[in-house]
Amino acid sequence: MKALTPELQNLIDKLLLAKEIYEKASSRIHNEPMTNQMKVLAERKSKFLTDIGKLVDVDFEEHTMGVKDRLKAAWEKIAIEVEHIFLQRDEGEILGFCIQREDELIEMYQEVLQSKDNELDVFIKFLFESQLAESRILINELQETREAYNFLEK
């Protein structure tokens, strides 16, 4: 098991946030295929977290509670933004918001993988590279959905 570094902690924080956003989006979108897509995305992020938990020493219940303390201002800002988007039920804007979250996750994976202070063992490095590749695929899927429904970028 690998100890939790600040970079890994930030990555886990962003994964937890993405999972929560996808779960909320799935309950707010009226388009059934998009609702199902959001549910699948939430499940994928949950699997990412489970896989990380198998290789990194982290108690997710304790970590989730700590996230709210560490990132209180950021979480509150994002929560307001998410609620505003979801209240409008603008699927195009929701997709754009989800794409932004995936972009942030990609940056975090790259930061963790490139960090000189963070020596990753082979298994963790492979896992993060796989999750990074899947996050890139997820962005493409979200962009394809946005294009298929003719949502304009905002």
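**Note on salt bridges and the nonpolar core**

1. Asp51 is buried, its relative accessible area being 18%. In this predicted model, the limit for a buried residue is under 20%, so Asp51 falls below that limit. Its side chain forms a salt bridge with that of Lys47, with N to O at 2.9 Å. Lys47 is partly exposed, with 48% relative accessibility; the upper limit of that class is set by exposed residues, which are over 50%. The two residues lie four apart in helix α2, so about one helical turn separates Lys47 from Asp51.

2. A second pair sits within helix α5. Glu104 and Arg101 form a salt bridge in which the closest N and O atoms are 2.6 Å apart. Three residues separate them in sequence, which again means about one helical turn, here in helix α5. Arg101 is buried, at a relative accessible area of 8%, whereas Glu104 is partly exposed, at 25% relative accessibility.

3. The pair in helix α5 should be read together with Lys14. Salt bridges link Lys14, Arg101 and Glu104 in a network.

4. Which parts of the chain does the salt bridge between Lys45 and Glu102 link? Lys45 belongs to helix α2 and Glu102 to helix α5, and the two are 57 residues apart, so that distant parts of the chain are linked. The N to O distance of this salt bridge is 3.1 Å. Both partners, Lys45 and Glu102, are buried.

5. For the model as a whole, the salt bridges number seven. Those between Lys45 and Glu102, Lys47 and Asp51, and Glu104 and Arg101 are the ones described individually here.

6. The largest nonpolar core has 37 residues. The members that touch the most other members are Leu11, Leu15, Tyr22, Met38, Tyr109, Phe128 and Leu142. Two or more residues of this core come from each of the elements α1 (6-28), α2 (32-55), α5 (91-114) and α6 (122-148).

7. What is Leu15 in contact with, once its neighbours within four places in sequence are left aside? The list is Lys45, Phe48, Leu49, Ile52, Leu105, Tyr109 and Gln131. Of these, Tyr109 is also named among the core residues that touch the most other members, and Lys45 is the salt-bridge partner of Glu102. Leu15 therefore contacts a buried residue that takes part in a salt bridge, since Lys45 is buried.

Conventions
Residues are numbered from 1 along each chain as its sequence is written. This is a predicted model: local features need pLDDT of at least 70, side-chain atom pairs count only at pLDDT 80 or more; totals for chains, interfaces and linings use all residues. Side-chain values use heavy atoms; hydrogens and water are left out. A nonpolar core is a set of buried Ala, Val, Leu, Ile, Met, Phe, Trp, Tyr and Cys residues joined through side-chain atoms within 4.5 Å. Buried means under 20% relative accessible area, exposed over 50%, partly exposed in between (1.4 Å probe, protein chains only). Contact means heavy atoms within 4.5 Å. A salt bridge is a side-chain nitrogen of Lys or Arg within 4 Å of a carboxyl oxygen of Asp or Glu.
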